[in-house]
Amino acid sequence: MTRWLLALPVLGFLGFALLYPLARILALGFGEGLGEAFANPYYWGRLAWSLVYGLGSSLLCVLLALPLAYAFRYRFPGRDFLLAFSTVPFVLPTIVVAIGFLSLVGPKGALGINLYGTLWMLFWASVLYNLGLVLRPLVTLLPGLELPIAAARTLGASPVRAYLRVGIPLLLPALLSGGSLVFLYSFTSFGVPLLLGGPKWGTLEVETYTALAYRLAFPEATALVLMQLAVSIPVLLFYLRLQERYSLAVGTYGEPKSLGARASRLLFVLLGMVFLLIYSPLLSLFIRAFERPSAWISVWHSEVFTPAGLALGNTLAFAGLALLLVIPLAGLYAYAVWRGNRLLDWLGLLPLMVSPVAVGLGYLLAYPRLRGSLLILITAYALLSYPLLARALLPSLRAMPRSVVEGARVLGASPWHRLWRVGWPLVQPGLRAGLALALAAVIGEFGATLVLQRPEWTTLSLAIYERLGKPGQGPFEEAIVIAVLLVLAAGSLLTVLGRYRAT
Amino acid sequence: MLLRPRVKTWRFGVAWLLVFSALFWAIGFQIATIGLAQPTTLTVLTHDSWALDKSLIAQFEAQTGIKLRFLKGGDAGAMLNKAILSKGAPIADVIYGFDNTLLSRALGAGILERYRSPALANLRSETILDLQGYATPVDYGFVALNYDKDYFRNRPLPKSLADLAKPEFAKLLVVENPATSSPGLAFLLATVAAFGEDRYLGFWEDLRKNGALVVNGWSEAYYTHFTRAGGDRPLVVSYTTSPAAELFYSEAKPRPSEPPTGNLLFPKSAFFQVEFAGILKGTKNLEAAQKFIDWLVSKPVQENIPTQMWVYPALRGAALPEIFKWAERPSEPARLFPQQIARDRDRWIKEWTQTVLQGQSPKR
């Protein structure tokens with residue numbers, strides 16, 4: 001009963017912000033032409049490529065994140081910063097990342113190798129964007145592995161065997177949770193493959209967008225949305241089932257382990273190099289931003305474009321407002337799912353599976369009076385970011401050892417007290433990791449594509465697009481400067497969030 | 001007993017959260033309805049490139065008592081579609097920014113209210129493409145090829161559209177996808193006007209074989225592939241005003257005497273584009289909407305438009321800024337009738353996609 005009561009606000013929100021508007025759009029497409037669109041082999045080709053891109057990215061990120069997460073078990077200089085930085089690229093508009101990539105490894109790139117249009121670049125970009133999605137939650141779960149592995153070793157298992165039979169199964173929930181998010185983000189990604197590879201690498205999402213935004217071809221769009229769901233829902237159900245089956249209790253959480261001075265310096269150099277390699281396209285952006293320092297001044301009092309100060313203020317204000325909605329939503333959602341609400345479990349991920357353009361047009365049909373209102377803006381932001389917090393929270397909740405909770409109960413603690421004194425501290429690391437991801441999604445304004453923009457509400461990423469819409473060196477340099485500002489703002493917020501330690 | 005205060009803290013936290021979210025929604029609805037309560041707020045749906053001097057807008061608001069609220073709805077095509085989609089319950093009072101490639105679609109969808117501005121008589125006659133009086137021309141421009149002067153300093157420039165398919169200009173051109181970009185569509189239409197229905201696809205096939213690069217939108221073409229921004233393509237489909245804008249926004253000190261880019265104005269290679277404004281059917285602020293349209297084609301706004309949106313004013317006699325001497329107008333632009341565009345646009349885009357993106361040889 002409780003689990004449904006708790007789920008009610010979440011379901012209400014989903015109905016308002018997603019299901020009803022989406023249904024309004026999809027309803028327009030039923031009828032003639034639907035079958036024809038389904039029969040089009042071109043769309044099936046797009047679907048196949050989206051699937052390859054999604055699964056490939058997901059696998060790549062998980063494989064990379066696992067060893068990295070182990071390195072982050074230790075305390076070394078710059079650890080918190082690097083960890084925070086792994087989520088930062090998430091906030092950047094795709095065109096800015098594309099500029100970074102092409103100025104490094106484009107046809108006239110600084111490195112002299114041209115990767116434009118190759119799979120290397122596409123998957124590299126995917127790792128750059130999504131690595132943090134897997135890495136952050138993983139790092140919070142790793143400390144719990146110590147005890148079980150030590151136990152297995154005591155019982156005579158070899159290190160390898162202990163790791164394969166105990167460590168990996170224990171980590172699986174977090175790996176799957178991160179992996180499924182990466183899959184969703186790359187499977188439904190819009191800009192990245194297109195910008196870095198050209199039209200032949202367009203995903204299904206691109207076709208949906210063109211069909212809806214440019215042609216109002218509803219039957220085709222409905223077919224495309226259904227196709228996309230038909231693939232992503234089974235993949236997700238599979239992920240979720242695995243996640244549930246393998247979620248075993250993991251022991252205590254701990255602080256990062258200390259290392260000797262030399263070893264920690266070595267680790268820093270090593271990890272710094274790995275990060276430098278992965279994120280080098282962003283570095284080339286930084287270099288370009290400092291080529292002409294005058295842009296750093298003009299950007300604040302631009303008369304033609306939105307000044308950076310206003311855009312920064314808007315970004316922070318909207319992010320703050322959105323978090324007010326995201327935190328209760330994700331909290332209720334994770335708690336209800338933890339208590340066994342299966343329907344909500346996969347329904348809650350629906351926002352990441354559905355084409356934003358369909359939802360955005362649905363808003364216009366369903367709530368014409370709310371167009372351009374703050375309410376619909378914040379709703380859109382929250383819709384596309386709360387799943388991140390919720391998914392990161394869940395493994396922590398599920399891994400909460402029953403024995404500790406039951407122990408507290410036997411000792412006479414009330415339900416509320418158990419939650420406050422036992423549950424809360426145990427989910428804190430997951431909460432922080434999830435909050436970082438959700439915050440990054442809010443600052444990156446994933447929801448912005450859903451709503452009509454008002455010029456006075458221009459945010460940092462919109463200020464970038466605004467400048468990249470006019471030809472000239474001035475606007476271009478200012479756009480790069482704002483992109484760097486966006487990285488700095490997100491980076492410092494996320495670092496602060498990572499520093500905060502519960503006592 | 002010691003536990004009590006803790007329990008209260010937790011309950012307090014939950015109550016606080018509930019109150020906070022309730023408050024949030026209440027405020028949200030409040031803000032949403034304030035917008036409705038003021039009858040004198042005029043909502044204007046525009047494309048993303050909309051820009052105008054803020055003092056002009058403030059002046060309009062002060063003089064008429066009408067508050068302006070602008071909504072940006074994507075690029076011109078996406079914006080118009082939003083207006084068409086929400087026909088029953090319009091999302092704005094006025095729409096600005098749909099061009100002659102979209103005119104017939106706007107008229108055919110029946111979303112516009114008829115209004116003949118008294119200022120219409122003062123507008124350039126070639127911009128008045130809707131004789132029924134639903135769409136008021138506000139500005140016009142030309143989609144044209146730009147070249148990087150540095151690159152072509154010691155190299156010959158192409159002299160006609162057909163030259164672009166020659167080996168010496170291989171892999172030099174970047175164009176936008178006409179399915180997703182309005183300059184891309186305009187350039188495709190220019191090639192239809194220049195080569196005719198039966199030969200334009202052959203030309204595009206040659207371009208493809210000659211290594212023309214296709215990208216999704218203007219920003220991408222100009223800022224990631226054009227040589228000026230560090231790409232490897234010295235020829236780009238842009239606007240005739242882009243060289244002037246390059247000079248205007250130049251950061252070099254002292255400001256260079258001429259733009260770093262130039263226009264290639266072969267006969268029928270620059271597509272003539274007119275941007276219109278119209279009143280959306282179902283508006284409750286008809287009178288205010290009419291005032292707004294009149295104001296859009298008034299002299300102060302028309303003279304501000306060139307350096308804000310980099311288009312030419314539709315008003316005859318509106319002074320052009322000095323810098324527009326670098327925005328030459330082609331003597332022989334490409335033109336197509338809006339009706340013809342409306343009838344064949346989707347087919348052209350489809351054939352183009354098959355030829356250029358999917359690499360099939362044209363059937364003819």
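This passage walks through a predicted two-chain model, taking confidence, two helices, a buried alanine, a strand and the chain contact in turn.

Residues are numbered from 1 along each chain as its sequence is written, while chains are lettered from A and ligands numbered from 1 in the order in which they are written. Being a predicted model, it is read with cut-offs: local features need pLDDT of at least 70, side-chain atom pairs count only at pLDDT 80 or more, and totals for chains, interfaces and linings use all residues.

Confidence is given as pLDDT, the predictor's score for each residue, from 0 to 100. For chain A the average is 85, with 97% of the residues at 70 or above. Helices and strands here are DSSP runs numbered from the N terminus (H or I, at least four residues, for helices; E, at least two, for strands). Among the elements of chain A, helix 3 (residues 41-71) has the highest mean pLDDT, 92, and helix 20 (residues 402-410) the lowest, 79.

Helix 3 of chain A has 31 residues, and its end-to-end C-alpha distance of 46 Å is close to the expected 45 Å (1.5 Å times one less than the number of residues). There is still a bend of about 25 degrees at A:Ala65, with the proline A:Pro67 following within four residues; the bend is the angle between axes fitted to the seven residues ending at a position and the seven starting there. Several residues of helix 3 of chain A are buried, among them A:Arg46, A:Tyr53, A:Cys61 and A:Leu68. "Buried" stands for 20 or more other C-beta atoms within 10 Å of a residue's own, "exposed" for 12 or fewer and "partly exposed" for anything in between, with C-beta atoms placed from the backbone. The cover over these buried residues of helix 3 of chain A includes helix 6 (119-141), helix 8 (159-187), helix 9 (191-197) and helix 10 (204-214) of chain A.

Helix 21 (residues 415-443) of chain A is another story. Its end C-alpha atoms are only 36 Å apart, where a straight helix of 29 residues would span 42 Å. A kink of about 45 degrees sits at A:Gln428, shortly before A:Pro429. Just past the end of helix 21 of chain A, A:Glu445 adopts a positive phi of about 55 degrees.

A:Ala311 belongs to helix 15 (residues 308-338) of chain A. This alanine counts as buried because 25 other C-beta atoms lie within 10 Å. Leaving aside residues up to four places away in sequence, A:Ala311 touches A:Thr306, A:Thr458, A:Thr459, A:Leu460, A:Ala463 and A:Ile482, where touching, or contact, requires backbone-placed C-beta atoms within 7 Å.

In chain B, strand 10 (residues 271-280) is mostly covered, with 10 of its 10 residues buried. Strands pair if DSSP finds at least two bridges between them. Strand 5 (residues 136-148) of chain B runs antiparallel to strand 10 of chain B through 7 bridges, and B:Thr136 faces B:Ala277. Strand 3 (residues 94-99) of chain B is also antiparallel to strand 10 of chain B, with 5 bridges, and B:Asp99 is set opposite B:Glu275. Strand 4 (residues 112-113) of chain B adds 2 antiparallel bridges to strand 10 of chain B, B:Leu112 being partnered with B:Leu280.

Finally, the contact between the chains draws on 55 residues from chain A and 57 from chain B. On the chain B side, helix 1 of chain B gives the largest share, 14 residues.

Methods
Contact = placed C-beta atoms within 7 Å.
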